Amino acid sequence: MAYRNMVSMKIRHPKATASIWSSGKITCTGATSEEEAKKAGRKVARALQKLGFNVKFASFRVVNVLATCILPFAIRIQTFSDENRNNASYEPELHPGVTYKIKDPKATLKVFSTGSITVTAPRVSNVQSAIEHVYPLVYEHKMYKPPSSVKTLPEAAVEVSGPTKIKRKKPKITKSIDLDEEDECSSFESSGDESFSSDASFD
C-alpha cells in the first residue's frame, strides 16, 4: 500500500506493519514486544537490500508503547476525575473514559468505568510504573463488577397432539433343538411376530 512519500509493508512473522518514508525513516507498529519490533525492522531492511537499495539497520529505538490493563473491579470515573482534576480530564460527550496524564514517568492513561485501563508510554518500563501509580487512586473509587452473565438455553417445550400408541416387541429368543439326523437343524429364532428362521445342513 502506497501513500504520498510513504510505502506501507505488512509482515506476517512477527506480525507488524512497517511504514517506509522517502526520507529513509521506517516505523514498525503492531509488534507485541521490543524484540519482535526489532526483528520486524531487520526483515524490512533485508527486503530493501534484496531490492537493490543500499540500506543499513541502525538507530533502532522504541518511541511508543501501548498496553492494556483490566482491573478486577469497576471504577466510578466521575468521582475519580473530580478528585484528580490536576492530572485527569473527563469529557463524556467526546470520550467514554478519563484521560489521566503522568509527568514522571511520562505516560498517558485512559481509565474506563469497566475497570479497563489503556496506557501509552514512550518505553516499556514506564507502563509498569504508571499502573503502580494510578492503582491506589482508582482503588478508592472501586465499585462492584457483576460477573459475566452465563447464557443458558431454555428447556425445550414438547407438545403432544392426539393419542400416542406404543408398540411393544417381544425379545428375540434363540433355542437349540436336537432333531433326527435326517432333518438336522442346529437352531431357530423366535420373535414377537412369530416368524422363524433356521439354518439346515444336509449331507
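This report walks through the fold, cores, strand pairing, first helix and unusual backbone spots of a predicted model.

## The overall picture

Let's start with the basics. The protein has three helices alongside 14 strands. Of its 203 residues, 25% are buried. As for how the chain folds back on itself, take the contacts with a separation of 6 or more: 40% of them are between residues 24 or more positions apart.

## The largest nonpolar core

The largest nonpolar core has 22 residues, and the members that touch the most others are Leu109, Val111, Ile117, Val119 and Val138. Quite a few elements chip in: strand 5 (65-70), helix 2, strand 8, strand 9 (107-111), strand 10 (116-121) and helix 3 (124-139) each supply at least two residues. Helix 3 gives the most, with five. This fits a familiar trend: in soluble globular proteins, nonpolar side chains tend to be buried together.

Val138 is a good place to look up close. Leaving aside residues up to four places away in sequence, Val138 touches Leu71, Phe73, Ile75, Phe80 and Val111. There is also a second, separate core of seven residues, with Ile11, Ile20, Ala40 and Leu48 among them.

## Aromatic pairs

A search of the whole structure turns up five aromatic pairs. One of them is Phe80 with Tyr100: the ring centres are 5.8 Å apart and the planes sit at 40°, so the pair counts as tilted. Phe80 belongs to helix 2 (residues 77-83) and Tyr100 to strand 8 (residues 98-102), so the pair ties together parts that are 20 residues apart in sequence. Both Phe80 and Tyr100 are buried.

Elsewhere, Phe73, Tyr135 and Tyr139 make up one aromatic cluster. Phe73 has come up already, as one of the residues that Val138 touches.

## Strand 10 and its neighbours

Is strand 10 enclosed or open? Five of its six residues are buried, so strand 10 is largely enclosed by the rest of the structure. Strand 10 pairs with strand 5 in the antiparallel sense, over six bridges. To pick out one partner, Ala67 bridges to Val119 in strand 10.

Strand 10 also runs antiparallel to strand 9, and four bridges join the two. Here Lys110 has Thr118 of strand 10 as its bridge partner. Strands 9 and 10 form a hairpin with four residues between the strands, and in this hairpin Gly115 takes a positive phi near 100°.

## Helix 1: a buried face and an exposed one

Helix 1 (residues 34-50) has 17 residues, which at 1.5 Å a residue should span 24 Å; its end C-alpha atoms are 25 Å apart, which agrees. The buried residues in helix 1 are Ala37, Ala40, Gly41, Val44, Ala45 and Leu48. Seen down the helix axis, the buried residues fall within an arc of 135°, so they line one face of helix 1. The spacing makes sense, because an α-helix has 3.6 residues a turn, so residues three or four places apart point the same way.

What does that buried side pack against? The buried residues of helix 1 pack against strand 2 (6-11), strand 3 (16-21) and strand 4 (26-29). Two of the residues named here, Ala40 and Leu48, also belong to the seven-residue second core. The face turned away from the buried side carries the exposed residues Glu35 and Lys50. Just after helix 1 comes Gly52, with a positive phi near 105°.

## Odd spots in the backbone

Two cis peptide bonds are worth a look. His13 and Pro14 are joined by a cis peptide bond, with omega about -5°, and Pro14 is in the loop between strand 2 and strand 3. Asp104 and Pro105 are likewise joined by a cis peptide bond, with omega about 0°. Pro105 sits in the loop between strand 8 and strand 9.

Then there's Ser59, which has a positive phi of about 60° although it is not a glycine. Ser59 lies in the loop between helix 1 and strand 5. Is Ser59 buried or exposed? Its relative accessible area is 74%, so Ser59 is exposed.

Key:
Residues are numbered from 1 along each chain as its sequence is written. This is a predicted model: local features need pLDDT of at least 70, side-chain atom pairs count only at pLDDT 80 or more; totals for chains, interfaces and linings use all residues. Side-chain values use heavy atoms; hydrogens and water are left out. Rings of Phe, Tyr and Trp (its six-membered ring) pair if their centres lie within 6.5 Å; planes under 30 degrees apart count as stacked, over 60 as edge-to-face and the rest as tilted. Buried means under 20% relative accessible area, exposed over 50%, partly exposed in between (1.4 Å probe, protein chains only). A nonpolar core is a set of buried Ala, Val, Leu, Ile, Met, Phe, Trp, Tyr and Cys residues joined through side-chain atoms within 4.5 Å. Contact means heavy atoms within 4.5 Å. Two strands pair if DSSP finds at least two bridges between them. The expected span of a helix is 1.5 Å times one less than its number of residues. The arc is that of the directions from the helix axis to the C-beta atoms.
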